[in-house]
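Visitor: I'm new to this one, so could you show it to me and let me ask how you know what you tell me?
Guide: Sure, here it is.

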Amino acid sequence: MTQCSMHPARTAQWQCLECGLNLCSDCVIRQEAGHMSGARLLRSCPKCLRDTRWIGAKEIIKPFWERIPGFFVYPLSPGTLLYMAILAAGAFLYWSWIIQFLCWVLLLNYAYVSLRNTASGDLNPPQVSEMLSGNFLDVVIPVVKQAVLIFVLIVVGVFLTGRLGVFAGLLYMLLAVFLLPSMIIVLVNTESLITALNPAAFLALPFKIGRGYFIMFVFLALLALAPGALLQWVMPYLPPLLGLYLMSLAQNYYTLVSYHLMGYVLLQYHESIGYEIEADDIRGASAEDRKVPDDPASREKKATAVLLSEGRFDEAADHIRQWREQGGDFDAGLAEQYFELLKAGGDKQGMVEHAPVYLDFAVAEGKKKQALEAYDACRQIDSDFSVGPQVLFRLGEWMSESGRFRDALKTFSGLVKADPDADEAPLSYFRAAQLYHDRFMDTEKAIKILKTLIRRYPDHEMRTRFENYLEYIGGA
């Protein structure tokens, strides 16, 4: 497992082509390239802004042996089932070899496309309508290549049997059956029949995949034997014609399952095999990296994170400052990151200037501890420091909740003095009165504040509540 260079506890999914940085899905910068339906998502390195390469699907999809039930479910979509049923009926018409041949071509082509799509990350069966609306050559050529592949194997087997005897022919047949999935995978990978027949290619693939190839072969062998077993089991209980039809349907079904399995093996081991796929092609898998393009602030935050990971704190602060001076906007994460950098660097003036922006985000996100710490730090630097009434009122409430009653009282009083026309001013009066009565046992002061509140804001929507509280504490 490759670790992210900036988050060692996370798995890297991308690698920079320029600086070699390994990056998790939260570190890469996502940008859209192209327009409308042709747009695609590019991932760039946050350090050098160069292109990255996807390390592989192996980190985000299950091994095929853990997904066996999914292979049997794959052909069971309504369109695929109907297609298999129709082709099974056509292949059953023994009096018309042309229809039989056409049904075989259509089924084998559908299976081939299923393999190819699965290998590219699409774990859903192909749409039948798209298959039938395509170019006829696109349907025939993959089938012809597979047919030629099998024909060549048969010819070589006959030749070896004639020259070296039946035993050698039998050994060759067993070896050919074992390597046939490898040849088909190579054919899909390269789209070259010559390469698929090249021993250097199809003999190397099982070694590249390792034990996974042997597990796949055993599973494919069982799938190949399944229709015959089904025929033996059901034929005695069914009319002959119905039994033969079910046999044909079962062959179609297990063929699709087998090709889907081979495609998934190619997807799982694509990096070892050398099969190129794109992260955005992965569908139907638990892919983490299915996110929208980053906004400018997120891109800036990721670029700054690289500087922080390298211990270049002053450069990180200057980087964000230049971003701001050039008209860049903050988001909550970038605002907090910048404030902490200013604080760590001892830039007190910068802290005071940036704090109103940071506190707006912190209060909006309910970050009570961070907001109070930032406000207190700025008040120590500048006793006249203040923020907008909405933020100030929330800070006063949090101070009161934290048991800092005197600080809360000062905050509410400061809000009223600084901006008596603010929407939060009446509530600040009311909270101050409650603090005097409930926490400082100064009912007289509380009554005085409440009467001032009702006099200054006679039309306030909470006037009844103010009057009820005044009556409750004995001021009516």
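Guide: Let's start with a word we'll need: helices (H or I, at least four residues) and strands (E, at least two) are DSSP runs, numbered from the N terminus. With that, M441 can be placed in the loop between α20 (425-438) and α21 (443-456). A word on the source: this is a predicted model, where local features need pLDDT of at least 70, side-chain atom pairs count only at pLDDT 80 or more, and totals for chains, interfaces and linings use all residues. Residues are numbered from 1 along each chain as its sequence is written, and side-chain values use heavy atoms, with hydrogens and water left out.

Visitor: What makes M441 count as exposed?
Guide: Buried means under 20% relative accessible area, exposed over 50%, and partly exposed in between (1.4 Å probe, protein chains only). M441 has a relative accessible area of 64%, so the word is exposed. M441 also has a positive phi of about 55 degrees, although it is not a glycine.

Visitor: And L49, what makes that one exposed?
Guide: Its relative accessibility is 56%, so L49 counts as exposed. L49 sits in the loop between β4 (40-44) and β5 (52-54), and has a positive phi of about 60 degrees without being a glycine.

Visitor: Why is A204 called partly exposed?
Guide: A204 comes out at 25% relative accessibility, so it counts as partly exposed. A204 lies in helix α9 (residues 204-209). From A204 to S182 it is 8.9 Å, C-alpha to C-alpha, with their places 22 residues apart in sequence.

Visitor: Which word fits I99: buried, partly exposed or exposed?
Guide: At 32% relative accessibility, I99 counts as partly exposed. I99 belongs to helix α3 (residues 97-119), and its C-alpha atom is separated by 9.9 Å from that of A89, 10 residues apart along the chain.

Visitor: How do you know how many disulfides there are?
Guide: A disulfide is a pair of cysteine sulfur atoms within 2.5 Å. By this rule the count comes to zero. Take C27: the nearest cysteine sulfur, that of C24, is 3.6 Å away, and C27 is in no disulfide. C27 has a relative accessible area of 3%, so it is buried. C45 is in no disulfide either, and the nearest cysteine sulfur there, that of C19, is 3.7 Å away. With a relative accessible area of 0%, C45 is buried.

Visitor: Why are α18 and α19 called roughly antiparallel?
Guide: Two packed helices are described by the angle between their axes and the distance between the axes. Axes are lines fitted to C-alpha atoms, for helices over the stretch in contact, and angles run from 0 to 180 degrees between N-to-C directions. Angles under 35 degrees count as roughly parallel, over 145 as roughly antiparallel, 65 to 115 as roughly perpendicular and the rest as oblique. Helix α18 (residues 389-401) packs against helix α19 (residues 405-418) at an angle of about 160 degrees, with the axes 8 Å apart. The two are therefore roughly antiparallel to each other.

Visitor: Which residues meet where α18 and α19 pack?
Guide: Contact means heavy atoms within 4.5 Å. Among those that meet are L392, F393, G396 and M399 in α18, and F405, A408, T411 and L415 in α19.

Visitor: What makes T411 buried or exposed?
Guide: T411 is found in helix α19 and has 5% relative accessibility, so it counts as buried. Leaving aside neighbours within four places in sequence, T411 is in contact with L392, G396 and M399. The C-alpha atoms of T411 and M399 are separated by 8.8 Å, the two residues being 12 apart along the chain.

Visitor: And the chain as a whole, how many helices and strands does it have?
Guide: The chain has 22 helices and five strands. Of its 476 residues, 44% count as buried. Among contacts between residues at least 6 apart in sequence, 62% join residues at least 24 apart.
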